[in-house]
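Please look through the sequence and the structure shown here, and then follow the account below from one part of the chain to the next.

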Amino acid sequence: LHMKCCDSGLERRKKASVMLHDYLSENHETLHKIIVLGDWNDDTKDAPGQHCFQPFLNDDKFYFTTADISNDLKQASYPKPPYVSFLDHIMVSKALLPKSANYNVQTIRVGDFMSGYANYEAFISDHRPVLLSFKYP
């Protein structure tokens, strides 16, 4: 997914998140193994009310695997000063990947292989990709 950035973005992201949560919850019986990933354009470290994650944070069927690395600035998915932040998240259902499961989540610092972030940003994206790997039964 790609949530709205800037201007009225926060309110739009909150509404979109409620709609997405409602859809996934209503269809959880058939869509129980869920991955939602992409540019949420919000940081889970923001204060409550200042991000769009609340519907999912309040629901124990879902969790953000990226919460494991979101406090590590070296893992920031948006590394551009002065707004260094973690905006790209991977949310899963516990039915797909229980919290106790063994998984790996990390930001791929592609710019490190392209002579720096400036080159990566100029030719590919201003956001770094985030990877989740796990063994599926």
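Arg13 has its place in helix H1, in a model that is predicted. Is Arg13 buried or exposed? With a relative accessibility of 7%, Arg13 counts as buried, because the limit for a buried residue is under 20% relative accessible area. Once its neighbours within four places in sequence are left aside, Arg13 is in contact with Met3, Lys4, Cys5 and Cys6, and also with Trp40, Asn41, Asp42 and Cys52.

Helix H1 also holds His21, which at 13% relative accessibility counts as buried. Leaving aside residues within four places in sequence, the contacts of His21 are Pro55, Phe56, Asp59 and Phe62. Of these partners, Phe62 lies 41 residues from His21 along the chain, while the C-alpha atoms of His21 and Phe62 are separated by 9.7 Å.

Phe62 is likewise a partner of another histidine, His28, whose contacts beyond four places in sequence are Ile34, Lys61, Phe62 and Ser93. His28 is found in the loop between helix H1 (9–26) and strand S1, and with a relative accessible area of 17% His28 is buried.

From here the reader can turn to the aromatic rings. The count of aromatic pairs comes to 7, and one of them joins Trp40 and Phe56 in an edge-to-face arrangement, with 5.9 Å from centre to centre and 90° between the planes. This pair links distant parts of the chain, since Trp40 belongs to the loop between strand S1 (35–39) and helix H2 (54–57), whereas Phe56 belongs to helix H2, 16 residues apart. Trp40, at 0% relative accessibility, counts as buried, and Phe56, with a relative accessible area of 1%, is buried as well.

Why is the pair of Phe53 and Phe64 edge-to-face? The ring centres of Phe53 and Phe64 are 5.1 Å apart and their planes stand at 80°, so the pair is edge-to-face, given that planes over 60 degrees apart are counted in that way. This pair, too, links distant parts of the chain, with Phe53 in the loop between S1 and H2 and Phe64 in strand S2 (residues 62–64), 11 residues apart. Both Phe53 and Phe64 are buried. Ring pairs link Trp40, Phe53, Phe56, Phe62 and Phe64 into a cluster.

The members of this cluster appear again in the largest nonpolar core, which has 11 residues in all and is made up of Met3, Leu24, Ile34, Val36, Trp40, Cys52, Phe53, Phe56, Phe62, Phe64 and Met91. Within this core, Trp40 touches Met3, Cys52, Phe53, Phe56, Phe64 and Met91, among other residues more than four places away in sequence; the contacts of Trp40 also include Leu1, Arg13, Ser17, Leu20, Leu87 and His89. A second core of 10 residues is separate, and includes Ile69, Phe86, Leu96 and Val105.

The last topic is the open space. Rolling a probe the size of a water molecule over the atoms shows where empty space is left. About 310 Å³ of space lies in the largest pocket, which has a lining of 15 residues, with Asn41, Asp46, Tyr83, Ser85 and Leu87 nearest its centre. Among these, Asn41 is also a contact of Arg13, and Leu87 is also touched by Trp40. How many residues of the lining are nonpolar, polar and charged? The lining of the largest pocket divides into 4 nonpolar, 5 polar and 6 charged residues.

Terms used:
Residues numbered from 1 in each chain as written. Predicted model: local features only at pLDDT ≥ 70, side-chain atom pairs only at ≥ 80, totals over all residues. Heavy atoms only, no water. 1 Å grid on protein atoms, 1.4 Å probe; cavity = no way out; pocket = protein on both sides within 12 Å on 5 of 7 lines; lining within 4 Å. Points joined across faces, edges and corners; volume = space filled by probe spheres on them. Nonpolar A, V, L, I, M, F, W, Y, C, P; charged D, E, K, R; others polar. Phe/Tyr/Trp six-rings, centres within 6.5 Å; stacked < 30°, edge-to-face > 60°. Helix = DSSP H or I, 4+ residues; strand = E, 2+ residues; numbered from the N terminus. Buried < 20%, exposed > 50% of the residue type's maximum accessible area, 1.4 Å probe, protein only. Contact = heavy atoms within 4.5 Å. Core = buried A, V, L, I, M, F, W, Y, C linked by side-chain atoms within 4.5 Å.
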